Amino acid sequence: MSDLNKLGLADARDALRAGDVTSVELTEACLKAIDEADALNAFVHKTPEIAMERAKAADERIKGGDAPSMCGLPIGIKDLFCTKGVPSQAASGILEGFKPEYESTVSQQLADAGAVMLGKLNMDEFAMGSSNETSVYGNAVSPWRRGNDDAQLTPGGSSGGSAAAVAADLCLAATGTDTGGSIRQPAAFVGITGIKPTYGRCSRWGIVAFASSLDQAGPMTKNVRDAAIMLETMCGHDAKDSTSADLAVPNFEAMLTGDIKGKKIGIPKEYRMDGMPAEIEKLWADGAAMLKDAGAEIVDISLPHAKYALPAYYVIAPAEASSNLARYDGVRYGHRAQLAQGDGITEMYEKTRAEGFGHEVQRRVMVGTYVLSAGFYDAYYNRARKVRTLIKKDFEGVFAAGVDAILTPATPSAAFGLGEMTEADPVQMYLNDVFTVTVNLAGLPGISVPAGLDTQGLPLGLQLIGRPWEEGDLLNTAYALENAAGFVAKPGKWW
């Protein structure tokens with residue numbers, strides 16, 4: 001078989017079981033593709049030795065006949081996940097040289113299931129960004145191009161390296177994390193599938209924290225079936241994470257029937273934005289029509305507090321970030337600034353943090369510290385928390401009224417060029433999260449499915465939002481949408 005790296009998880013798993021291919025062959029194909037794709041800057045720490053060792057072990061396990069679904073499948077791990085003995089920098093200068101002595105729960109579960117780690121993937125620094133332009137490793141680059149234009153495009157963020165790697169067939173799938181849309185927005189930008197499960201479904205232990213009440217890990221894959229396979233391995237209760245849910249993990253793949261007859265799909269009127277591109281508007285209408293044709297009932301719904309989601313998110317997330325990032329002080333691990341004669345501990349903290357953190361992280365830490373400070377705590381942070389509760393209640397009301405899933409656009413536009421959204425106006429960049437942040441604030445599962453191309457030939461995604469803990473049902477609705485949309489476009493290889 002040629003082009004083994006172009007397989008998805010399900011196809012590769014079936015080929016492995018049938019003996020048509022070995023994990024070593026799959027892994028070698030991916031490692032070769034990675035080495036030829038430095039122009040994308042997706043993989044920032046390559047681990048070929050670990051990959052080959054795990055592939056050989058997986059082949060033995062498959063021969064033994066007791067291998068789980070993910071066994072032998074080569075994947076990439078976002079640099080936010082701590083991986084034992086392998087640099088885990090969260091794409092930040094302040095964690096330079098940090099090699100954890102432990103493995104994150106999610107990456108451990110994947111390793112235990114026999115998945116093969118190819119290396120660590122680029123991302124926005126500390127997951128703060130929507131374009132993968134805040135990374136200490138430099139920008140990740142989308143494998144897609146606009147028409148005949150050579151301008152480099154963003155693969156989205158913060159899981160930009162994961163998105164670029166999966167779309168360019170450098171790995172069969174990748175882990176991502178989603179705090180305000182960081183799985184779903186990049187997935188939409190590069191034409192792949194990305195699911196953020198319910199908050200608490202995947203353990204956060206060993207994942208470098210950005211905003212603890214919002215962060216959630218999830219898979220980024222080539223299709224919905226692959227997302228179901230990988231998500232099942234990533235989920236599960238973890239005593240080391242106090243927010244991890246002690247719930248049984250269903251067989252998500254077995255729930256993919258494609259039958260959504262009688263399901264109620266809500267269309268929120270608040271998501272119709274002024275100035276929304278006609279292409280996004282049309283894609284949304286087409287998506288609703290596809291689900292209706294598949295037997296679902298389309299109903300108009302209202303989420304009245306959705307318009308406050310973005311400002312609430314950009315108060316809560318930086319507040320939690322400023323608290324979480326206080327631990328990076330240059331004392332025990334990571335970067336430490338060179339000190340002048342007579343400098344004390346205060347100067348060491350100040351210089352280390354000034355040198356180690358990039359501009360976007362510094363901006364958010366300062367915003368977060370400000371909204372938590374005396375005199376502003378009630379005006380900003382507490383008010384944002386109250387708004388968050390109202391947003392959650394809106395969703396609860398809609399689901400209580402019998403709605404099974406909610407359909408929205410995933411992003412307000414197709415991918416933009418690197419450097420097109422300038423540092424001068426960070427708010428422009430923040431607006432990229434307008435359709436995705438509500439899902440994190442309410443702790444709900446959300447999935448992005450590629451559904452079409454814009455006039456310049458770039459992918460556009462649709463988002464489905466599900467009921468809490470019902471990822472299986474959500475994946476099935478996404479599966480029906482995927483089948484109806486029939487998206488098969490791939491980027492032309494220029495790298």
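**A walk from strand E3 to the surface**

Hi everyone, let's begin with a pair of residues: His45 has Lys120 in strand E3 as its bridge partner. Before I go on, please keep in mind that this is a predicted model.

So what surrounds that pair? His45 belongs to strand E1, residues 43–46, and E1 pairs with E3 in the antiparallel sense, over 3 bridges. E3 also has strand E2, residues 74–78, as a partner; those two run parallel and are joined by 4 bridges. If you want a spot to click on there, Lys78 stands opposite Leu121 in E3.

Is E3 mostly covered or mostly open? Mostly covered: this strand spans residues 116–121, and 6 of its 6 residues are buried.

Now let's turn to the nonpolar interior. The largest nonpolar core holds 160 residues, and those touching the most other members are Met70, Phe126, Leu170, Phe395, Leu407 and Leu475. Helix H9, residues 309–324, gives the most to this core, with 10 residues.

Let's zoom in on Met70. Leaving aside residues up to four places away in sequence, Met70 touches Leu9, Ile75, Leu110, Ala113, Gly114, Ala115, Ile229, Met230 and Thr233.

Finally, let's come out to the surface. Val331, Ile345 and Tyr349 form a nonpolar patch there, and together they have about 260 Å² of accessible area. Ile345 sits in helix H10, which covers residues 345–356. Why do we call Ile345 exposed? Because its relative accessible area is 53%, and exposed means over 50%.

That's my tour, so thanks for listening, and do have a look at the structure yourselves!

Conventions: Residues are numbered from 1 along each chain as its sequence is written. This is a predicted model: local features need pLDDT of at least 70, side-chain atom pairs count only at pLDDT 80 or more; totals for chains, interfaces and linings use all residues. Side-chain values use heavy atoms; hydrogens and water are left out. A nonpolar core is a set of buried Ala, Val, Leu, Ile, Met, Phe, Trp, Tyr and Cys residues joined through side-chain atoms within 4.5 Å. Buried means under 20% relative accessible area, exposed over 50%, partly exposed in between (1.4 Å probe, protein chains only). Contact means heavy atoms within 4.5 Å. Patches are made of residues with over 30% relative accessible area and no salt bridge: like charges are joined within 9 Å, nonpolar side chains (Val, Leu, Ile, Met, Phe, Trp, Tyr) within 5 Å. Accessible areas come from the Shrake-Rupley method with a 1.4 Å probe; for residues, only the protein chains shown count as cover. A salt bridge is a side-chain nitrogen of Lys or Arg within 4 Å of a carboxyl oxygen of Asp or Glu. Two strands pair if DSSP finds at least two bridges between them.
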